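This report describes the fold of one protein chain and then the surroundings of a single residue. The sequence and the structure come first.

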Amino acid sequence: MASTSNVGASSAATVNEAPPSASAARVRVPPKNSAGNKTDPAWEYATSIDIKTRKVKCKVCDWEFTGNAFRIKHHLAGTNSNVRPCPNCPPEIRKKFLVIIDGLQEKEKERVKGS
Ligand SMILES: [Zn+2]
């Protein structure tokens, strides 16, 4: 007597993977140095007297002038560019703002090159 049992199993699984979806590019908006935005390091050394007329006062030498954070930086760094240098600015602060201005100009150059 012979009995044959044959259990055949066949499984066909088809794996259908969807193509990886492109991840959405995250766009970061850099903060702008507007009159109301006081995150700029320049505001550590100057105060805004009047936002409307953009009148500011240098805390280091008490000089009042019209300008924004950009001009304050140049005043503190003593670049003589559009604004007179700060007579009382300590060398370490002068150096700090020179580095900041240098970095801004580098960024500006890259932006022009890249476009
Ligand atoms: Zn000053």
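In which helix is Arg-71 found? Arg-71 belongs to helix H1, which covers residues 69-77. Helices (H or I, at least four residues) and strands (E, at least two) are DSSP runs, numbered from the N terminus.

The model is predicted: local features need pLDDT of at least 70, side-chain atom pairs count only at pLDDT 80 or more, and totals for chains, interfaces and linings use all residues. Residue numbers start from 1 along each chain as its sequence is written. pLDDT is the predictor's confidence in each residue, from 0 to 100. The protein has an average pLDDT of 82, and 67% of the residues score at least 70. Confidence is lowest in helix H2 (residues 91-114), with a mean of 91, and highest in E2, at 98.

Two helices and three strands make up the secondary structure, in the order β-β-β-α-α from the N terminus. The strands form an open sheet ordered E1-E2-E3, with antiparallel pairing. E1 and E3 (64-66) are the edge strands, each pairing on one side only. On average, neighbouring strands of the sheet are turned by 35 degrees against each other, direction ignored; axes here are lines fitted to C-alpha atoms, for helices over the stretch in contact, and angles run from 0 to 180 degrees between N-to-C directions. Two strands pair if DSSP finds at least two bridges between them. The two pairings are listed below.

| Strand pair | Sense | Bridges | Opposed residues |
|---|---|---|---|
| E1 and E2 | antiparallel | four bridges | Asp-50 and Lys-55 |
| E2 and E3 | antiparallel | three bridges | Lys-55 and Thr-66 |

Lys-55 thus appears in both rows, opposite Asp-50 and opposite Thr-66 in E3. The hairpin of E1 and E2 has four residues between the strands, and Arg-54 there takes a positive phi near 60 degrees.

Is Arg-71 buried, exposed or partly exposed? Arg-71 is partly exposed because 18 other C-beta atoms lie within 10 Å. A residue is buried if 20 or more other C-beta atoms lie within 10 Å of its own, exposed if 12 or fewer, and partly exposed in between, with C-beta atoms placed from the backbone. Buried residues account for 13% of the 115 residues.

Leaving aside neighbours within four places in sequence, Arg-71 contacts Asn-82 and Val-83; contact requires C-beta atoms, placed from the backbone, within 7 Å. Ser-81 is ten residues from Arg-71 in sequence and 8.5 Å away in space, C-alpha to C-alpha. Of the protein's contacts between residues at least 6 apart in sequence, 32% join residues at least 24 apart.

Note on methods
Two residues are in contact if their C-beta atoms, placed from the backbone, lie within 7 Å.
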